[in-house]
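Biologist: Please take one small part of this model and look at it closely for me, then follow the chain from there into its surroundings. I am new to this, so please explain each term as it comes up.

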Amino acid sequence: DKGATKLSAFGSTRHKNKTCEQDPQVQALVACGAPVICIVAKAWDEQVEQVIEATLEQNLAMIQDTVEYLVKAKREVMVDLEHFFDGCTASGMRGEQYANLCLRTAAAAGGSTI
């Protein structure tokens, strides 16, 4: 049923050193007018610390802030938790707990699909 089809923009969480209001990528997502926005967010503790060089707490704040900001802008927000299953299996209990914390943070912030 094409009547259920929705256009989605794709981007990422805000940068670790910027607010959503300061991040040009987040602003472009809102400005594009798509009713649905899918953001990618790191969910593997190793990727957070080594790839985006953020603390685990910073990453959770990035997820929460970005989802809340987009929901407040009246967008449906989908969150792609990148490397979720890698985090659950590769980093032991710490990784599994952190990946699930990312999931709960995205959902609590208003993500409609995680």
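Modeller: Glu-21 touches Gln-27 and Tyr-69, leaving out residues up to four places away in sequence, where a contact means heavy atoms within 4.5 Å. This is a predicted model, in which local features need pLDDT of at least 70 and side-chain atom pairs count only at pLDDT 80 or more, while totals for chains, interfaces and linings use all residues. Residues are numbered from 1 along each chain as its sequence is written, and side-chain values use heavy atoms, with hydrogens and water left out.

Glu-21 sits in the loop between β1 (8–12) and α1; helices (H or I, at least four residues) and strands (E, at least two) are DSSP runs, numbered from the N terminus. With a relative accessible area of 54%, Glu-21 is exposed, since exposed means over 50%, buried under 20%, and partly exposed in between (1.4 Å probe, protein chains only). From Glu-21 to Arg-94 there are 73 residues in sequence and 32 Å in space, taken from C-alpha to C-alpha.

From this exposed residue we can turn to the largest nonpolar core, a core being a set of buried Ala, Val, Leu, Ile, Met, Phe, Trp, Tyr and Cys residues joined through side-chain atoms within 4.5 Å. The largest one has 27 residues, and those that touch the most other members are Ile-39, Val-67, Leu-70, Val-79, Leu-81 and Cys-102. At least two core residues come from each of α1 (24–31), β2 (36–42), α3 (56–72), β3 (76–82), α4 (84–90) and α5 (92–108), and α3 gives the largest share, with 5 residues. In soluble globular proteins, nonpolar side chains tend to be buried together.

Ile-39 shows how widely spaced parts of the sequence meet, for beyond its neighbours within four places it is in contact with Gly-11, Ser-12, Thr-13 and Leu-29, with Thr-66, Val-67 and Leu-70, and also with Val-77, Met-78, Val-79 and Asp-80.

Two further loops deserve a careful look. Lys-74, in the loop between α3 and β3, has a positive phi of about 65° although it is not a glycine, and Lys-74 is exposed, with a relative accessible area of 74%. His-83, in the loop between β3 and α4, is also a residue other than glycine with a positive phi, near 65°, but His-83 counts as partly exposed, at 27% relative accessibility.
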